[in-house]
Amino acid sequence: MQLFLDTTDVAVLKDLAATGLVDGVTTNPTLIAKSGRPMLQVIAEICAAIEGPVSAEVAAMDTAGMLDEGRRLAAIAPNVVVKVPLTRDGLIATREFAHEGIATNVTLCFSAAQALLAAKAGASYISPFIGRLDDVGADGMDLIVEIRAIYDNYGFDTEILAASIRSPAHVTTAALAGANCATIPPDVFNALFKHPLTERGLDQFMADWAKTGQSIL
Ligand code: E4P
């Protein structure tokens, strides 16, 4: 499973990328706003910091505007993936981007029907928003299961990118459901390393090791 970082914080990205465990990055307009920095500059810095795919979202609502913005974003670096909203205009733009060889991440997916249309439009990635579905009383993970089944039934190669991840359990459940990737906020990514029993066990081992008075080197 590919693990992406959902961030516009370049310092945080570099810190986590140093582990070798970050396969890509996603951003969205909210994260750009939080950064307080110019979008094109932030995306260029992220693309320089990591080799994997970097999703950069268009702001236009109409197909022509999305195509203009997407081409501008794609020109920043070869690893840019143009993020397009799951609307009628967005899917028309997605289809054109596919013809032009520009990778796309179709975002704000909340139903299997939407995901089917995105795959037919030639999306490189589909982003079902797990956490936001959970927030309204649905089970976001059911959507991953449905999309996986539909894509497998028809051999679509659109990758399922589990988004709106809120916990380590979301990551593992998405992996079990067959998502190709998950995009994870930095705090949740850091939590993936941890388990209380690991910490307790290590404390015990180190205490016992100290009693031996030994040194390995
Ligand atoms: C990533 O592509 C999405 O923009 C992100 O996962 C949304 O997460 P949120 O629902 O926590 O804002």
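**Exercise 1.** In this predicted model, decide whether Leu 202 is buried, partly exposed or exposed, then find the element and the patch that Leu 202 belongs to.

*Solution.*
Step 1. Start with the relative accessible area of Leu 202, which is 48%.
Step 2. Recall the cut-offs: buried means under 20%, exposed means over 50%, and partly exposed lies in between. Leu 202 is therefore partly exposed.
Step 3. Now look at the chain around Leu 202: this residue sits in helix α11, residues 196-212.
Step 4. Finally, look at the surface. Leu 202 joins Phe 205, Met 206, Trp 209, Ile 216 and Leu 217 in a nonpolar patch of about 780 Å².

**Exercise 2.** Work out where Leu 108 and Ser 164 lie, and what is notable about the phi of Leu 108 and of Ser 164.

*Solution.*
Step 1. Keep the general rule in mind: most residues other than glycine have a negative phi.
Step 2. Leu 108, in strand β5, has a positive phi, near 65°. With a relative accessible area of 33%, Leu 108 is partly exposed.
Step 3. Ser 164, in the loop between β7 and α9, also has a positive phi, near 55°. Its relative accessible area is 12%, so Ser 164 is buried.

**Exercise 3.** Describe the largest pocket and its lining.

*Solution.*
Step 1. The space in this pocket is about 440 Å³.
Step 2. Its lining has 22 residues, with Asp 6, Asn 28, Leu 31, Phe 129 and Arg 132 nearest the centre.
Step 3. Elements giving two or more lining residues are α2, β5 and α10; α2 has the largest share, four residues.
Step 4. Sorted by kind, the lining holds eight nonpolar, seven polar and seven charged residues.

Definitions and conventions:
Residues numbered from 1 in each chain as written. Predicted model: local features only at pLDDT ≥ 70, side-chain atom pairs only at ≥ 80, totals over all residues. Heavy atoms only, no water. 1 Å grid on protein atoms, 1.4 Å probe; cavity = no way out; pocket = protein on both sides within 12 Å on 5 of 7 lines; lining within 4 Å. Points joined across faces, edges and corners; volume = space filled by probe spheres on them. Nonpolar A, V, L, I, M, F, W, Y, C, P; charged D, E, K, R; others polar. Patch = residues over 30% accessible without salt bridge, like charges linked within 9 Å, V, L, I, M, F, W, Y side chains within 5 Å. Areas by Shrake-Rupley, 256 points an atom, 1.4 Å probe, with all protein chains shown as cover. Salt bridge = Lys/Arg side-chain N within 4 Å of Asp/Glu carboxyl O. Buried < 20%, exposed > 50% of the residue type's maximum accessible area, 1.4 Å probe, protein only.
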